[in-house]
Amino acid sequence: MSESLIEESILSRPKYGQLAIAPGLAHYFVADASGAECVIRVAQTAPKGFMEKVHILYVPTPGENALITALYALGAKRFEHVPTIDAAIAKLGDWLSESKMGSQLYLAGTEGLIGRAVAKGEECGLDHTAVQCEHRGSLARRVQCVHCKTMIEKVTTQPVKCPSCDLLLLVRDHYSRRLAAFQGVCINAEDPTEEVEIREVFK
Amino acid sequence: MTIHFRNETFRNDFTYANSPGNIPRFPFPFPEDVYMYSTNVEPHHATRAGSPFEHAFDVDEHYVSEMKDRALVLADDPGRCQALPHMETAAWDFVELVMVSKARDYPDLFELTIDGDRWHWINKTLQIDDTFVFGDSSTLPCHPMEYIGRQVQGDHAILDQRDGNLWMDAGIITAQADWSLDFDIGMNFFEWHAPVPLAHELGVFQRALKFLLSLPQGQPSRRLNWTLTVNPRLDTSPENYPKWGPDKLTVNPGNIGEKVHLRVELQTFWRLPRSNAILFPIRTYLMAMNEVVTQPKWGRRLHRVMRDLRPELVEYKGLSRYHPMLVDWLAQFDDGAPTSPGIFPD
């Protein structure tokens, strides 16, 4: 799988690095199928005893088992896989609420997963310096329709039609960490008769 | 000084207008014949009696109607007024600053009596007479930021200061030039300005942030910002873009003088004493082109500024659809004569 191909953009758009072990009393990993390899890479280079402090939450692609097996085999203190990002974020909230000071959070995979986990970490009072992110996989975006406030998941097209208010939205690079979403603004508001071609751009 | 408050609208039939006496006090935003970004900040000292810089919080003939428009926006979209939980102390700072300033600057309109933490506030114009315990939000009908925000012209953001940055953590924003509080709340200074072109590369925001982080108490600052708006509409939010976007197609050479408005933001910056946050009032003034050109200096200068405006700014400010038409129309007011320095009319 390729490394992240996110181009230089505006300053509100998150930038991602590469996961690396930071000193901590507990280490929480959240990954989806595209990010699993990052967790495995970190675990394989970890010092002795590290995995005893590791908690892994994994969102597999439906029907896929090989990565579940591989992650389980890392021997973390706790490993759970859940079917959806929603479920993973809820569980992460539970885990962090019982975590101690000095915990580290590592996120790997698609932006939708990373963004929501970052927001959850912030909500749970985790300092931003204790959160690392590595982007892998699809560039699909989570988009908030600025008009009706609907959250649209896994957007791959530019523009995208809001499923709730039917407006055709330009997906901007402007990004809210709190909402874990890019901003969608009506692309033909000035002249609604204007035809706009919909193209697959966030692959 | 008696202000005659106009009864006017900023939507639907758009009856908003400036009375002839109000025109010369408009904060015309161009001190020179060309415009480019700058961190054009100066001390918010009392300047020129009668100007919008005379008092801390300018009250003008549009006060009552602007507050009615704000109430309409908030009824339709409560998300225009939001504060993160840690901003309550800053909200009380905001209450104090506005009440103390207005009671001092406009004693005919506002009265404040302070007895320990028991405060008595009278806003004669809006017929408000309330007693409350300062610092105790349960003694006000709503959040303190909303309470005072409904009584003061202009949008108000409150910026928390931490980690060497400023954070947009509260605001009452109903008259904005195309930005969303609901989306931007919680962002830092660079993040909420991220969509602005050119300025980041010019280092404008780095300098502005450095300045603001060291803003002292009791020494407020101000700057002017501008754009153009079709029709005198205060609520040009991204939320309502489908409502105001089509207005741009209604401009033609016959109506451009009444349709297109110069929209000026008088932005001021205040260090708040208890919270160490910064209050950031964004006060919008609207003036139709027909009204602007009644001042010959402004007509000449506006033509030159618009004619030479950089294409990126034409695009960013959303002027593309009628910009060439406006330059042509303004040309008739530019005889080529030199203009005097500064923003005030001759």
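1. Two residues count as in contact here if their C-beta atoms, placed from the backbone, lie within 7 Å. On that basis, 18 residues of chain A are in contact with 19 residues of chain B. The model is a predicted one, and the remarks below should be read with that in mind.

2. Which elements of chain A give two or more residues to the side that touches chain B? They are strand E10 (168-176) and strand E11 (181-186) of chain A. The largest share comes from E11(A), with three residues. By residue class, the side of chain A that touches chain B holds eight nonpolar, six polar and four charged residues.

3. Overall make-up of chain A: the chain has four helices and twelve strands. Of its 203 residues, 41% count as buried. Among contacts in chain A with a separation of 6 or more, 65% are between residues 24 or more positions apart.

4. Dimensions of chain A: the C-alpha trace spans about 65 × 35 × 30 Å along its principal axes. The radius of gyration is 18 Å, which agrees with the value near 17 Å for a compact globule of 203 residues.

5. An unreviewed UniProt entry annotates residues 9-131 of chain A as "domain: Dimethylamine monooxygenase subunit DmmA-like N-terminal". Over residues 9-131 the chain is 34% helix and 20% strand. The end C-alpha atoms of this stretch are 21 Å apart.

6. From UniProt, again an unreviewed entry, comes "domain: Dimethylamine monooxygenase subunit DmmA-like C-terminal", listed for residues 142-185 of chain A. Here the chain is 0% helix and 61% strand, with the end C-alpha atoms 13 Å apart.

7. Helix H4 of chain A covers residues 111-123. Why should its 13 residues span 18 Å? The expectation follows from 1.5 Å a residue, the rise being multiplied by one less than the number of residues. The end C-alpha atoms are 18 Å apart in the model, so the helix agrees with that expectation.

8. Is H4(A) mostly covered or mostly uncovered? It is mostly covered, with ten of its 13 residues buried. A residue counts as buried if 20 or more other C-beta atoms lie within 10 Å of its own. The buried residues of H4(A) include A:Leu113, A:Ile114, A:Ala117 and A:Val118. Charged side chains are also on the list, namely A:Glu111, A:Arg116 and A:Lys120, as are A:Gly112, A:Gly115 and A:Gly121. Just after H4(A), A:Gly125 takes a positive phi of about 85°.

Conventions:
Residues are numbered from 1 along each chain as its sequence is written. Chains are lettered from A and ligands numbered from 1 in the order in which they are written. This is a predicted model: local features need pLDDT of at least 70, side-chain atom pairs count only at pLDDT 80 or more; totals for chains, interfaces and linings use all residues. A residue is buried if 20 or more other C-beta atoms lie within 10 Å of its own, exposed if 12 or fewer, and partly exposed in between; C-beta atoms are placed from the backbone. UniProt positions are given in the numbering used here, feature names are shortened, and annotations may be inferred rather than shown by experiment. The radius of gyration is taken over C-alpha atoms; the globule rule is 2.2 Å times the number of residues to the power 0.38.
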